[in-house]
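Reader: I've just opened this one and I'd like to know what I'm looking at. Could you walk me through it, and tell me how you know each thing?

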Amino acid sequence: LDACPRGDTVECAASSIVHVTCGAAIAPWEFRLAGGSAISGRLEARPNASVSWGTVCNIGFDADAQQVACRALGFASTAVVTASRAAMTTVAGAGAPSQPV
């Protein structure tokens with residue numbers, strides 16, 4: 001929602017108001033970049049601090065997922081370029097095959 005363009009404030013008609021129904025609250029996943037720099041590296045995730053970090057696989061990881069990951073890491077935008085596995089292994093190090101996410 002932060003990325004949505006904003007214009008002048010307008011009054012919404014009752015039929016235009018967005019209503020959302022959410023399920024039970026869940027703890028957010030933790031994300032980090034490993035083996036790179038402060039702004040680039042291998043994406044790792046875990047559901048909570050009691051679980052080991054796992055490397056995020058690129059299967060089904062599209063531009064929308066890249067945006068979500070960068071925002072979850074605290075970045076305002078993304079300029080992600082998906083590299084080949086060999087190139088990323090050279091740059092960011094290989095993830096543990098036993099801990100995919």
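**The strand in the middle of the talk**

Author: Let's start with S2, in what is a predicted model. Both of its faces are covered: Arg42, Glu44 and Arg46 on one side, and Leu43 and Ala45 on the other, are all buried.

Reader: What makes S2 "mostly covered"?

Author: Five of its five residues are buried. Across the chain, buried residues make up 14% of the 101 residues.

Reader: And why do the residues of S2 split into two sides like that?

Author: In a regular strand the side chains alternate between the two faces of the sheet.

Reader: Why is Glu44 called buried?

Author: Buried means under 20% relative accessible area. Glu44 has 6%, so it counts as buried.

Reader: How do you know whether Arg46 is buried or exposed?

Author: Same kind of check. Arg46 has a relative accessibility of 16%, which is under 20%, so Arg46 is buried.

**The sheet**

Reader: Which elements does the chain have?

Author: Two helices and three strands. Starting at the N terminus, they run β-β-β-α-α.

Reader: How are the three strands arranged?

Author: They form an open sheet in the order S1-S2-S3, with antiparallel pairing. S1 and strand S3 (54-55) are the edge strands, since each pairs on one side only.

Reader: How do you know that S1 and S2 pair?

Author: Pairing takes at least two bridges between the strands. Five bridges join S1 to S2, so they qualify, and they run antiparallel. Across this pairing, Arg32 stands opposite Glu44 in S2.

Reader: What makes S2 and S3 a pair?

Author: S2 (residues 42-46) and S3 pair over two bridges, again in the antiparallel sense. The cut-off is at least two, so two bridges are enough. Here Glu44 stands opposite Thr55 in S3, and Ala45 stands opposite Gly54 in S3.

**The salt bridges**

Reader: How many salt bridges are there?

Author: The count comes to three.

Reader: Why is the contact between Glu30 and Arg46 called a salt bridge?

Author: The rule wants a side-chain nitrogen of Lys or Arg within 4 Å of a carboxyl oxygen of Asp or Glu. In Glu30 and Arg46 the closest N and O atoms are 2.6 Å apart, so the pair passes. Glu30 lies in strand S1 and Arg46 in strand S2, so the salt bridge ties together parts that are 16 residues apart in sequence.

Reader: Why is Glu30 called partly exposed?

Author: Partly exposed is the range between under 20% and over 50%. Glu30 comes to 27% relative accessibility, so it falls in that range.

Reader: What makes Glu44 and Arg32 a salt bridge?

Author: Their closest N and O atoms are 2.7 Å apart, and the limit is 4 Å. This pair links distant parts of the chain: Glu44 is in strand S2 and Arg32 in strand S1, twelve residues apart. Arg32 has a relative accessible area of 34%, so it is partly exposed.

Reader: How do you know that Glu44 and Arg42 meet in a salt bridge?

Author: The N to O distance is 2.9 Å, again within 4 Å. Both Glu44 and Arg42 are buried. Salt bridges that share partners join Arg32, Arg42 and Glu44 into one network.

**The cysteines**

Reader: How many disulfides are there?

Author: Zero. A disulfide would need a pair of cysteine sulfur atoms within 2.5 Å.

Reader: Why is Cys70 called buried, and what is Cys57 called?

Author: Cys70 has 13% relative accessibility, under the 20% cut-off, so it counts as buried. Cys57 has 35%, so it is partly exposed.

**How far to trust it**

Reader: What is the confidence of the chain?

Author: The mean pLDDT is 74, and 65% of the residues reach 70 or more. Among the elements, strand S1 (residues 30-34) has the highest mean pLDDT, 92, and helix H2 (residues 85-92) the lowest, 47. Over residues 84-92 the pLDDT is below 50, and beyond near neighbours in sequence this stretch has ten contacts in the model.

Reader: What should I do with those low values?

Author: Where pLDDT is low, the predicted coordinates should not be read in detail.

How values were computed:
Residues are numbered from 1 along each chain as its sequence is written. This is a predicted model: local features need pLDDT of at least 70, side-chain atom pairs count only at pLDDT 80 or more; totals for chains, interfaces and linings use all residues. Side-chain values use heavy atoms; hydrogens and water are left out. pLDDT is the predictor's confidence in each residue, from 0 to 100. Helices (H or I, at least four residues) and strands (E, at least two) are DSSP runs, numbered from the N terminus. Contact means heavy atoms within 4.5 Å. Buried means under 20% relative accessible area, exposed over 50%, partly exposed in between (1.4 Å probe, protein chains only).
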